[in-house]
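Here are a few notes to read alongside the model, written as numbered points. Take them one at a time and find each residue in the viewer as you go.

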Amino acid sequence: MLEKNQNIEHEKTVLVGVINQQQNEKKVQEYLDELEFLTYTAGGSVEKRFIQKVDTPNPKTYIGSGKIKEVEAFVSENDIGSVIFDDELSAVQQRNIEKILRCKILDRTGLILDIFAQRAQTSYARTQVELAQYEYLLPRLTGLWTHLERQRGGIGMRGPGETEIETDRRIVRDRISLLKKKLTKIDRQMGTQRGNRGALVRVALVGYTNVGKSTLMNVISKSDVFAENKLFATLDTTVRKVVLGNLPFLLSDTVGFIRKLPTQLVESFKSTLDEVREADLLLHVVDISHPNFEDHIDSVNSILSDIGVSEKETLIIFNKIDQYQVETIDEDDLMTERTSKHYSIDEWKHTWMQKMGKNAIFISALNKENLDEFRRLVYDAVRNIHVSRFPYNNFLYPENLDEY
Ligand SMILES: Nc1nc2c(ncn2[C@@H]2O[C@H](COP(=O)(O)OP(=O)(O)OP(=O)(O)O)[C@@H](O)[C@H]2O)c(=O)[nH]1
Ligand SMILES: [Mg+2]
C-alpha cells in the first residue's frame, strides 16, 4: 500500500488489532491502516495483519491463546522483528506475549514514542521525548526485553536502553525527576521568550499529523519548514512573523496530533503546546482527502480540550482539495446507502458553512488553490483581534485586505 524505499532494509513487522464493542471490523481496519503508516514512518514494513474478535481481553495475552499460536507460527516462519498491537498492553501482557512470540512486542503508544525519539532534532525535543519514554517504561520495568540482547536495535529500541531497564526503578525515577527539572527550567525560558514577543497577535496552526500544516506555513510565511509524507515530520515549534497587507502577526507551526496520542507525550510536550494554549487564534487544518477526516477533527478537538483550549477562536482549513476523491455509487446500484463518503466538495462546503459560517475554508496548500481567499480570511480574523486590543490604531488597517 505504501511506497517503500528500496535502499533501506525495512524491519519486518506484524500488526494485531481486535474487534470489540467499541470498534467494528471496518474501524479496526482503519486503525490498522494508520498503524501501518506509523510503522512505515518508524522504518518497518508490515507483512501481515491479525484481527480477532475479543469481547474481554485475555489478561495474560490480550488476544486468545489460539490466535497467539497462529501469530507465533507466522512470526517464526517469516523472520518477523516486531509484533505491534494497536491497543495498549499491560506490562504483564507484553511480557507474556513476548515469551511466546520471541520477538519485540510494541503497542501503539510505544511505537509513537519510538517515532518521536527518532525524529527529535533539538535537545529540547529530545528531553521531552526522553521524559515521556521513561514515564512509559516505569510501570513496565519487569525485565522486559532482557533476553533479546542479540536482537537489539531497530523499532522500539531507540531511547532509554536496557541497562537502565535492568538495574533499578530508582535510577529511572531519579532520571525522570532530573528531566522534569531540566524541562521546568527550559519552560521558564520559553515562557519569557514568548512574553518578549510583545503585543503581536498570535496564530497557531493545529491539526492531525500529515494534514499539511508545515506546507501551509511555508506558503504563507515564505519560510522553509520541513514537510514530508510521513507522520510527525514536525516536533519542534517554529514561529514566524507573517505580514498580510501591512498587518503583522506571529504564526506558529507545531507537532501534529493523532488518535490516542500518548498522555505521557502530551504532558512532556507542555511547553510546545503552550504555543497553542496562548494563541489568540487557531487554524485547525484538516486533510479532507483522508477517508477518516471527520474522526481526525474529533481527535484534535478532544486533545485541544484536554490541554484546556476548547473555547478559542478557530478557523477550520480544509486542505488537499486537489486530492479529494468522492466515492461514487453506480446508477444501477440500489443497495448502497448514500452517506457523507459520497459528498462532493461543494456539498462539504455547504455542510461546513452551515456549521461554521464564514470560519471554514477549502484550499490546496500544495497547488496554491484558493490561497488568496485564505489570506483574506486570516487577515479579517487577525485584524478583528488586533483592533479590539488596540482600538486607537485601527485606521492603520483597512477592513478589507484587497484595499492594500
Ligand atoms: N495533495 C496535496 N498534498 C499536500 C497538500 N498540502 C500538503 N501536502 C502533502 O502532505 C504531506 C504532509 O505535509 P506536512 O506539511 O508535512 O504536514 P504536517 O501537518 O506539517 O505534518 P506533521 O508535521 O507530520 O504533523 C506532504 O507530503 C505534503 O507535500 C495539498 O494541498 N495537497
Ligand atoms: Mg509539520
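1. Let's begin inside the protein, keeping in mind that this is a predicted model. In strand β5, Val201, Val203, Leu205 and Gly207 point one way, while Arg202, Ala204 and Val206 point the other way, and all of them are buried. Here is the idea to keep in your head while you look: in a regular strand, side chains alternate between the two faces of the sheet. What does this say about the surroundings of β5 (residues 201-207)? Seven of its seven residues are buried, so the strand is largely enclosed by the rest of the structure. The cut-off behind the word "buried" is a relative accessible area under 20%.

2. Next, look at the partners of β5. With β7, the strand pairs in the parallel sense over five bridges. One place to spot this is Leu205, whose bridge partner in β7 is Asp253. β5 also pairs with strand β8 (residues 281-287), in the parallel sense and over five bridges. To find that pairing on screen, look for Ala204, which stands opposite Leu282 in β8. Another pair to look for is Val206 with its bridge partner His284 in β8.

3. Now move over to β8 itself. Which residues lie on each of its faces? Leu281, Leu283, Val285 and Asp287 are on one side, with Leu282, His284 and Val286 on the other, and all are buried. Seven of the seven residues of β8 are buried, so this strand too is largely enclosed by the rest of the structure.

4. From β8 you can carry on to strand β9 (residues 314-319). Six bridges join β8 to β9, and the two run parallel. Leu283 stands opposite Leu315 in β9. Following the chain, you cross from β8 through α11 to β9, and this β-α-β crossover is right-handed.

5. While you are in this part of the model, stop at Ser289, in the loop between β8 and α11 (293-306). Is Ser289 buried or exposed? Its relative accessibility is 18%, so Ser289 counts as buried. Its side chain makes a polar contact of 2.6 Å with the side chain of Asp287. A polar contact of 3.0 Å also joins the side chains of Ser289 and Gln323.

6. Earlier in the chain you can find another β-α-β unit. It is made of β3, helix α3 (residues 91-101) and β4, and it is right-handed. Strand β3 (residues 82-85) is joined to β4 by four bridges, and the two strands run parallel. Val83 stands opposite Ile105 in β4. Both faces of β4 (residues 104-107) are covered: Lys104 and Leu106 on one side, and Ile105 and Asp107 on the other, are all buried.

7. Now for the ligand. How many residues surround ligand 1? There are 23, and the closest are Lys213, Thr215, Ala233, Thr234 and Asp322. By class, this shell has seven nonpolar, eleven polar and five charged residues. Helix α8 (residues 213-221) gives the largest share of the shell, three residues.

8. Zoom in on the oxygen atoms of ligand 1. One of them is 3.0 Å from a polar backbone atom of Asn210. Polar side-chain atoms come in as well: one of Asn319 lies 3.1 Å from an oxygen atom of the ligand, and one of Ser364 also lies 3.1 Å from an oxygen atom of the ligand. On its own, ligand 1 has 660 Å² of accessible area, and the protein covers 92% of that.

9. Two loop residues deserve a look at their backbone angles. Most residues other than glycine have a negative phi. Lys260, which is not a glycine, has a positive phi of about 55 degrees. You will find Lys260 in the loop between β7 (247-253) and α9 (263-268), and with 39% relative accessibility it counts as partly exposed. Asn370 has a positive phi as well, near 65 degrees. Asn370 sits in the loop between β10 (360-362) and α13 (371-389), and is partly exposed, with a relative accessible area of 35%.

10. Finish with Glu267, in helix α9. Glu267 is exposed, with a relative accessible area of 55%. Its C-alpha atom is separated by 7.9 Å from that of Ala132, although the two residues are 135 residues apart along the chain.

Terms used. Residues are numbered from 1 along each chain as its sequence is written. Chains are lettered from A and ligands numbered from 1 in the order in which they are written. This is a predicted model: local features need pLDDT of at least 70, side-chain atom pairs count only at pLDDT 80 or more; totals for chains, interfaces and linings use all residues. Side-chain values use heavy atoms; hydrogens and water are left out. A residue is near a molecule or strand if one of its heavy atoms lies within 4 Å of it. A polar contact is a pair of N or O atoms within 3.5 Å; within protein, one must be able to donate a hydrogen and the other to accept it, and residues adjacent in sequence count only if both atoms are side-chain atoms. Accessible areas come from the Shrake-Rupley method with a 1.4 Å probe; for residues, only the protein chains shown count as cover. Ala, Val, Leu, Ile, Met, Phe, Trp, Tyr, Cys and Pro count as nonpolar, Asp, Glu, Lys and Arg as charged, and the others, Gly among them, as polar. Buried means under 20% relative accessible area, exposed over 50%, partly exposed in between (1.4 Å probe, protein chains only). Two strands pair if DSSP finds at least two bridges between them. A crossover is right-handed if, with the strands pointing away from the viewer, the path from the first strand over the helix to the second runs clockwise.
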